[in-house]
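Student: Hey, I've just opened this one and could use a walk-through. Where do we begin?

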Number of protein chains: 2
Amino acid sequence: MIKVAIIGYGNLGRGVERSIKQNKDMELIGVFTRRAPETVQTEGAKAFTMDELKGKKGAIDVCILCGGSATDLPTQTPEWTRLFNTIDSFDTHAKIPEHFAKVDQAAKEGQTTSIISTGWDPGLFSLNRLYAQSILPVGETNTFWGKGVSQGHSDALRRIEGVIDAVQYTIPNNEVIDKLKAGEKLELTTRDKHFRECFVVLEEGTNAEKIRAEIVSMPNYFADYDTEVHFITQAELDKEHKAMPHGGTVLHTGTTHENTKQVIEYNLQLESNPEFTASVLVAYARACVRLAEEKQYGAYTVLDIPPKYLSPKSDEALRKELL
Amino acid sequence: MIKVAIIGYGNLGRGVERSIKQNKDMELIGVFTRRAPETVQTEGAKAFTMDELKGKKGAIDVCILCGGSATDLPTQTPEWTRLFNTIDSFDTHAKIPEHFAKVDQAAKEGQTTSIISTGWDPGLFSLNRLYAQSILPVGETNTFWGKGVSQGHSDALRRIEGVIDAVQYTIPNNEVIDKLKAGEKLELTTRDKHFRECFVVLEEGTNAEKIRAEIVSMPNYFADYDTEVHFITQAELDKEHKAMPHGGTVLHTGTTHENTKQVIEYNLQLESNPEFTASVLVAYARACVRLAEEKQYGAYTVLDIPPKYLSPKSDEALRKELL
């Protein structure tokens with residue numbers, strides 16, 4: 001049995017707890033939290049303080065870090081990798097090289113193994129970009145996200161004065177996807193690829209048109225997109241928009257000779273983004289433990305990991321059943 | 001530069017020649033053939049006899065074997081793996097364990113590396129079955145093929161007395177695919193998943209209805225499917241049905257908790273099946289050479305290979321650009 005610890009218990013941590021129950025070769029040792037453990041409502045797992053983690057070195061095969069990329073993981077992953085094998089879902093694309101270097105150093109010093117930036121993007125989408133571009137080097141890759149809730153954009157809406165609550169959906173332009181799949185050559189701008197749809201709850205007396213103007217012109221988040229804004233009540237938001245669906249498509253269109261078109265498409269349709277991301281982390285936790293058993297210490301990403309290491313099955317069974 | 005030899009020059013071998021031209025880190029040493037080399041019309045590559053291959057041990061980094069799975073590869077792959085690193089597309093699913101064992105032994109004796117059964121199924125589809133099932137263990141995988149030309153089924157038609165020429169298309173049942181993607185639970189028979197469509201040229205005076213009855217009741221090939229048969233002229237067949245499109249879908253529908261649905265879909269839409277398969281072989285040829293450089297001798301499949309080994313780019317570049 002692979003003994004797993006969950007570090008941080010929000011939506012992702014809860015997803016990991018659920019995923020471990022689906023994997024018969026895994027056992028959850030506990031949830032480690034900065035909160036008072038007795039206040040954490042798990043689905044059966046024991047909760048411990050973060051301080052108690054240090055004393056469990058022999059009892060844990062791998063820690064799955066479920067904190068956020070902004071402030072938690074940049075310090076937590078290197079710190080815990082000195083003592084434990086770790087998995088994280090660090091997803092600030094621009095800072096991955098820096099994060100990788102820090103975790104790699106910690107892992108080599110601690111003789112541990114860490115797989116960083118797992119999940120679906122970065123993660124499964126990265127893998128598909130790599131496979132597609134390696135196989136069809138003459139071609140073009142486009143990634144589309146959605147339809148799904150973007151936490152970053154929803155947070156940006158909630159920071160606006162006068163906004164009580166908000167949810168933002170990223171919506172891919174399916175017309176563009178269909179044209180690309182049909183082999184059309186397109187020069188695509190940011191605005192062409194995705195739409196943004198916002199559901200916003202306002203404080204009473206707030207000027208809705210002023211807020212709408214502020215949203216659609218917000219740099220980085222909305223200014224470069226066609227954005228629709230709907231003002232609704234908190235009750236409507238709670239009823240209709242509190243699920244966390246997401247997904248997306250990696251589309252690679254290549255040519256092998258003259259004008260012979262070849263299309264590779266990878267598509268995710270997720271009813272729960274955190275539960276799916278958690279499932280990816282758990283599969284890579286298995287790979288992480290195997291690498292550590294082989295004394296392959298250091299930091300890795302999904303691009304480095306032999307696919308078979310994700311499965312509990314033997315090489316022979318995989319060749320027989322899946323090849 | 002990776003120095004590549006092509007063994008056998010049919011549609012697949014020609015596809016490999018074309019693919020190597022798209023990969024700037026590769027150089028084609030030549031085509032090795034059982035035919036008289038001067039009769040082989042390559043697209044620029046030098047043609048040699050098969051006997052000349054033995055003398056080129058130092059001059060070739062990897063041989064891409066482009067023969068058929070029925071009679072060529074079972075003997076050729078073990079034979080040439082004693083001398084060279086090799087790649088093949090052996091696709092007789094039931095005999096892969098046996099083929100693997102023979103090639104593995106040859107590779108270990110010859111201190112070479114071989115990656116067998118590459119291509120898209122087995123190959124990329126196998127990878128996607130593995131990733132999907134490892135990430136969502138509570139779920140179901142279905143593979144659909146087509147729309148595309150099945151060589152095996154076309155050959156079966158051509159063996160019928162009175163048939164001059166024929167092409168068979170495998171057509172996936174898109175209605176079933178859509179239902180699965182929507183989360184429906186279906187008990188699927190062979191007949192539910194694919195249709196078969198045949199275009200057949202008859203000798204003059206042949207009884208078409210008798211041939212139709214023979215086709216639709218042919219065991220293994222057509223009896224378990226809904227099959228449509230069209231009788232056309234050779235001119236029509238040559239004009240409309242001599243391309244070799246193919247493709248298909250690996251669809252995994254899983255649940256992460258209670259009834260939370262997650263769908264993973266991998267989809268290929270190929271205008272040329274042999275050219276695409278060739279492109280996969282060429283990418284794995286790169287991986288094969290790297291494994292051999294690391295002295296990782298033996299037989300491997302796509303399930304064993306770290307994804308980054310397919311790319312000519314450095315680990316750092318891949319993390320920066322693709323993760």
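Tutor: With a term: helices (H or I, at least four residues) and strands (E, at least two) are DSSP runs, numbered from the N terminus. Counted that way, chain A has eleven helices and 14 strands.

Student: Anything I should know about the model itself?

Tutor: This is a predicted model, where local features need pLDDT of at least 70, side-chain atom pairs count only at pLDDT 80 or more, and totals for chains, interfaces and linings use all residues. Residues are numbered from 1 along each chain as its sequence is written, chains are lettered from A and ligands numbered from 1 in the order in which they are written, and side-chain values use heavy atoms, with hydrogens and water left out.

Student: OK, how compact is chain A?

Tutor: The radius of gyration is taken over C-alpha atoms, and the globule rule is 2.2 Å times the number of residues to the power 0.38. Chain A comes out at 22 Å, close to the 20 Å the rule gives for 323 residues, so chain A is as compact as a globular protein of that length. Along the principal axes, its C-alpha atoms fill a box of roughly 60 × 60 × 35 Å.

Student: And how much of chain A is buried?

Tutor: Buried means under 20% relative accessible area, exposed over 50%, and partly exposed in between (1.4 Å probe, protein chains only). In chain A, 59% of the 323 residues are buried.

Student: What about contacts along the chain, which ones reach far?

Tutor: Contact means heavy atoms within 4.5 Å. Take the contacts in chain A between residues at least 6 apart in sequence: 68% of them join residues at least 24 apart.

Student: Switching topic: how do chains A and B relate?

Tutor: Copies are superposed by least squares on the C-alpha atoms of residues with pLDDT of at least 70 in both. Chain A lands on chain B after a rotation of 180 degrees with 0.0 Å of shift along the axis, and the RMSD is 0.0 Å. That is the relation of a two-fold axis.

Student: Which surface do the copies meet through?

Tutor: The same one on each: 100% of the interface residues of chain A are also interface residues in chain B, so the copies meet through the same surface.

Student: Can we look at one helix? What does α2 of chain B pack against?

Tutor: Helix α2 of chain B covers residues 73–81, and its buried residues are B:L73, B:Q76, B:T77, B:P78, B:W80 and B:T81. Those residues pack against β1 (2–7), β4 (62–65), β5 (86–87), α3 (96–110) and β6 (113–115) of chain B.

Student: Does B:L73 turn up anywhere else? Which residue touches it?

Tutor: B:S89 is one that does; leaving aside neighbours within four places in sequence, B:S89 is in contact with B:L12, B:L65, B:S69, B:L73, B:S117, B:T118 and B:L281. B:S89 lies in the loop between β5 and α3 of chain B, and at 11% relative accessibility it counts as buried.

Student: Any odd backbone spots?

Tutor: Some background: most residues other than glycine have a negative phi, and most peptide bonds are trans. Here the bond from A:D121 to A:P122 is cis, with omega near 5 degrees, and A:P122 sits in the loop between β6 (113–115) and α4 (124–135) of chain A. In chain B, a cis peptide bond joins B:D121 and B:P122, with omega about 5 degrees.

Student: And what about phi?

Tutor: A:K295 isn't a glycine, yet it has a positive phi of about 60 degrees. A:K295 lies in the loop between α10 (273–293) and β14 (298–300) of chain A and is exposed, with a relative accessible area of 61%. B:Q111 also isn't a glycine, and its phi is positive, near 50 degrees; B:Q111 is exposed too, at 53%.

Student: Back to that loop after β6 in chain B. Is B:G123 buried or exposed?

Tutor: B:G123, in the loop between β6 and α4 of chain B, is buried, at 0% relative accessibility. Apart from neighbours within four places in sequence, B:G123 is in contact with A:L323, B:S117 and B:V302.

Student: Last one: where does B:Q168 sit?

Tutor: B:Q168 is in strand β9 (residues 163–172) of chain B, buried at 0% relative accessibility. Not counting residues up to four places away in sequence, B:Q168 touches several residues, including B:H153, B:R196, B:C198 and B:F222.
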